[in-house]
Amino acid sequence: DAYDRRLRSASVRAAFFGGLALVLVAGNLAAPELRALYASTDTTSRGYMNLGLWAKGRFEPGTVVGSSQSGALGYFADSLTVINLDGVVNSDCYRSLIERRNIEYIREAKVAYVVGWGSNIDFIVRHSANIRRDDLILEGKIPGFTSWGKEWYLIKINDRR
């Protein structure tokens with residue numbers, strides 16, 4: 001009858017979409033980068049945890065540190081005040097990016113240091129119309145680990161006081 005046909009049709013659709021989801025998940029898990037994220041024991045080159053532990057040991061508790069990788073940093077460096085600088089979870093930062101006044105936002109948020117990859121620092125520069133050469137003071141590479149093969153940098157913010 002009609003009820004049985006609808007029930008079978010719904011079951012076929014559920015099986016199809018469930019199978020499709022399974023194929024997509026399996027395909028993503030087969031990607032070498034994703035597999036390495038879950039299976040690697042190489043903490044030297046997969047260092048989000050290392051970044052947080054380094055920051056926790058490097059800065060006084062309460063220091064305001066900005067980063068695009070704010071979730072990973074804040075999780076492992078819970079004694080710091082971590083400010084998100086990519087605008088994904090921080091609407092004030094997002095607004096500053098759109099308005100190209102990111103360096104002003106960083107100062108308003110009282111960020112003392114930024115930690116990130118070179119591309120994260122370039123991102124700040126691209127989204128800051130009034131940035132000056134001495135606004136971001138490179139303190140150097142953070143030694144001892146990388147994430148996804150990328151070096152980490154420590155940048156001091158010139159607060160212009």
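This report describes the sheet, two helices and the salt bridges of a predicted model.

Residues are numbered from 1 along each chain as its sequence is written, and side-chain values use heavy atoms, with hydrogens and water left out. Because the model is predicted, local features need pLDDT of at least 70 and side-chain atom pairs count only at pLDDT 80 or more, while totals for chains, interfaces and linings use all residues.

**Sheet**

Five strands make up an open sheet with mixed pairing, in the order β2-β1-β3-β5-β4. Strands here are DSSP runs of E with at least two residues, helices are runs of H or I with at least four residues, and both are numbered from the N terminus. Two strands count as paired if DSSP finds at least two bridges between them. At the edges lie β2 (81-84) and β4, each of which pairs on one side only. On average, neighbouring strands of this sheet are turned by 25° against each other, direction ignored; the axes are lines fitted to C-alpha atoms, and angles run from 0 to 180 degrees between N-to-C directions. Strand β1 (residues 64-67) pairs with β3 in the parallel sense over two bridges. In β3, Tyr113 stands opposite Val65.

**Helices α5 and α7**

In helix α7 (residues 118-126), the buried residues are Asn120, Ile121 and Ile124. Buried means under 20% relative accessible area, exposed means over 50%, and partly exposed lies in between (1.4 Å probe, protein chains only). Viewed down the axis of α7, these buried residues fall within an arc of 100°, so they line one face of the helix. The arc is taken from the directions between the helix axis and the C-beta atoms. The buried residues of α7 pack against α6 (102-108), β3 (113-116), β4 (136-147) and β5 (150-157), where contact means heavy atoms within 4.5 Å.

Helix α5 (residues 91-98) has Cys93, Ser96 and Leu97 as its buried residues. They cover an arc of only 100° around the axis, and therefore sit on the same side of α5. The face turned away from this buried side carries the exposed residues Ser91 and Ile98. The buried residues of α5 pack against β2, α6 and α7. At the start of α5, a side-chain oxygen of Asn90 comes to within 3.2 Å of the backbone nitrogen of Asp92. Just after α5, Arg100 has a positive phi of about 55°.

**Salt bridges**

A salt bridge is a side-chain nitrogen of Lys or Arg within 4 Å of a carboxyl oxygen of Asp or Glu. By this rule there are six salt bridges, including those in the table.

| Salt bridge | N to O distance |
|---|---|
| Arg58 and Glu139 | 3.3 Å |
| Arg101 and Glu108 | 3.2 Å |
| Asp135 and Arg107 | 2.5 Å |

The pair Arg58 and Glu139 links distant parts of the chain, 81 residues apart: Arg58 is in helix α3 (residues 48-58) and Glu139 in strand β4. Arg58 is partly exposed at 36% relative accessible area, and Glu139 is partly exposed at 40%.

Asp135, in the loop between α7 and β4, and Arg107, in helix α6, also link distant parts of the chain, 28 residues apart. Asp135 is buried at 1% relative accessibility, whereas Arg107 is partly exposed at 22%. Glu99, Arg101 and Glu108 are joined into one network by salt bridges that share partners. Within that network, Arg101 is partly exposed, with 26% relative accessibility.

Terms used. A polar contact is a pair of N or O atoms within 3.5 Å; within protein, one must be able to donate a hydrogen and the other to accept it, and residues adjacent in sequence count only if both atoms are side-chain atoms.
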